[in-house]
Amino acid sequence: MSATEQISIRVEPTSTSRLSQVDFNNLKFGHIMSDHMLVAEYNNGKWEDVSIVPYGELSISPSMSALHYGQSIFEGIKAYKFDDGTVSIFRPENNWERFNKSAARLQMPEVPEDIFLGGMKQLLDIDRDWVPSKEGTSLYIRPFMFATESALGVHPSISYKFIVITCPVGAYYSKPISLKVETHYTRAAEGGVGFSKNAGNYALSLYPTQLANDEGYDQIMWTDALEHKYIEEAGTANLIFRIGDTIITPHGDTILHGVTRRTIMQLAEEWGYKAEQRKVSVKELIDGIEAGQVAEAFAAGTAATITHIDRIGFEGKDYTLPPVEGREFSNKVLDYLNQLRYGKIEDPFGWNFIV
Ligand code: COI
């Protein structure tokens, strides 16, 4: 489909909204889905049958290839409500670009702008009452695509479903988290799929994360596959550190190219910090903590937003980070992004995509 061609979206509104059943003062992450979802089908080399329908179950074939060979990718995006009721999605164009990079790596079709962004906008317009407004809450948007061909041979599927579901959410992490440096298991190797947001990257994290949980840590800190010497990301978000006056984030194609991370690094530069995207060794971090030079460490992601890290475990020893209250940069970013996303201040970068 050309960029100018507009796809038409069929709308089938629900006759029974579930909105009144939601306790907006007690939102858990990812449990209650909004009334509608967007569904598009890819067949014979093109997208068709784009519709917004009541949220509900899907019928799938047991031989559907996504279940066997894992052609399945997704995104995480958030929408916020301003005091005047305006609904705004945060930087969804970046997620659309990343989604299509994930698709290309997994030999899946690209989703055009008018389905990904146009469809999302229309979906949120219909479910705008589901967007919560209290600070710390948002409507989490989950676009995903999976292979639907019924066939057991290993080959790219000839058919796909693209779906967008949404859910009102509160915090993913409600307090600072502890991380264990993972030096045995591996998330991604050079040339692999580490940069992409595919389902398998999360499935493979579950076992080592459970082991870390058993040792009393909330999450793992992945290290590189070759030497387990360089820090990559946490199981559910990117990582950012402030060492001295430099804001540093591990970078490379084995790491998810996070939109929140990009946003924070842009702000760091804008605010005159030295901002570096580069390799960070575990030694640099641990030595820095011991020398009192690591002022801040946090996880950055759509779901995690900014989650402070209070403790890092490495080779059987725990390293404690400075108190959260004194963390000048991450607290300033959190406050600034809250104000921007809820429409309380100007949006100088054009990051708010108004529905
Ligand atoms: C997100 O941050 O949106 C993600 O997809 C991460 C997931 C662990 C919830």
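R91 sits in the loop between strand 6 (87–90) and helix 2 (92–105). The model that shows this is predicted. R91 is one of the residues that this briefing follows; its phi is near 50°, a positive value in a residue other than glycine. From there the briefing turns to the whole fold, the two domains, a hairpin and the ligand.

**R91 and its setting**
- Is R91 buried or exposed? R91 counts as buried because it has 20 C-beta neighbours inside 10 Å.
- The cut-off for a buried residue is 20 or more other C-beta atoms within 10 Å.
- Helix 2, which follows the loop of R91, returns below as part of the contact between the domains.

**Overall fold**
- The protein has 8 helices and 18 strands.
- Its radius of gyration is 21 Å, close to the 20 Å that the globule rule gives for 355 residues, so the protein is as compact as a globular protein of that length.
- The C-alpha trace spans about 60 × 55 × 40 Å along its principal axes.
- Of the 355 residues, 42% count as buried.
- Take the contacts between residues at least 6 apart in sequence: 70% of them join residues at least 24 apart.

**Two domains**
- The domain assignment gives domain 1 (10–170) and domain 2 (177–341).
- The centres of domain 1 and domain 2, taken over C-alpha atoms, are separated by 27 Å.
- How many residues of each domain are in contact with the other? Domain 1 has 20 such residues, and domain 2 has 14.
- On the side of domain 1 that touches domain 2, strand 4 (72–74), strand 5 (77–81) and helix 2 are the elements that give two or more residues.
- Helix 2 gives the largest share of that side, 6 residues.
- By class, the side of domain 1 that touches domain 2 has 7 nonpolar, 6 polar and 7 charged residues.

**A171, between strands 8 and 9**
- A171 lies in the loop between strand 8 (160–169) and strand 9 (177–181).
- A171 is partly exposed, because 16 other C-beta atoms lie within 10 Å.
- A171 and Y336 are 165 residues apart along the chain. Their C-alpha atoms are separated by 17 Å.

**Strand 16 and its hairpin**
- T305 belongs to strand 16 (residues 305–314).
- T305 is not a glycine, yet its phi is positive, about 45°.
- T305 counts as buried because 22 C-beta neighbours lie inside 10 Å.
- Strand 16 runs antiparallel to strand 17 (residues 317–320), and 4 bridges join them.
- Which residue of strand 17 stands opposite I312? The partner of I312 is Y319.
- Strand 16 and strand 17 form a hairpin with 2 residues between them.
- E315, in the turn of this hairpin, has a positive phi of about 50°.

**Around the ligand**
- Which residues surround the ligand? They are G76, T236, G301, T302, A303 and A304.
- By class, this shell has 2 nonpolar residues, 4 polar residues and no charged residues.

**To look at in the structure**
- Start at R91, in the loop that leads to helix 2.
- Then find the 6 residues of helix 2 on the side of domain 1 that touches domain 2.
- Next, follow strand 16 to the turn with E315.
- End at the ligand, with G76 and T236 among the residues around it.

Conventions:
Residues are numbered from 1 along each chain as its sequence is written. This is a predicted model: local features need pLDDT of at least 70, side-chain atom pairs count only at pLDDT 80 or more; totals for chains, interfaces and linings use all residues. A residue is near a molecule or strand if its C-beta atom, placed from the backbone, lies within 6 Å of it. Ala, Val, Leu, Ile, Met, Phe, Trp, Tyr, Cys and Pro count as nonpolar, Asp, Glu, Lys and Arg as charged, and the others, Gly among them, as polar. A residue is buried if 20 or more other C-beta atoms lie within 10 Å of its own, exposed if 12 or fewer, and partly exposed in between; C-beta atoms are placed from the backbone. The radius of gyration is taken over C-alpha atoms; the globule rule is 2.2 Å times the number of residues to the power 0.38. Two residues are in contact if their C-beta atoms, placed from the backbone, lie within 7 Å. Domain bounds come from an automatic or database domain assignment. Two strands pair if DSSP finds at least two bridges between them.
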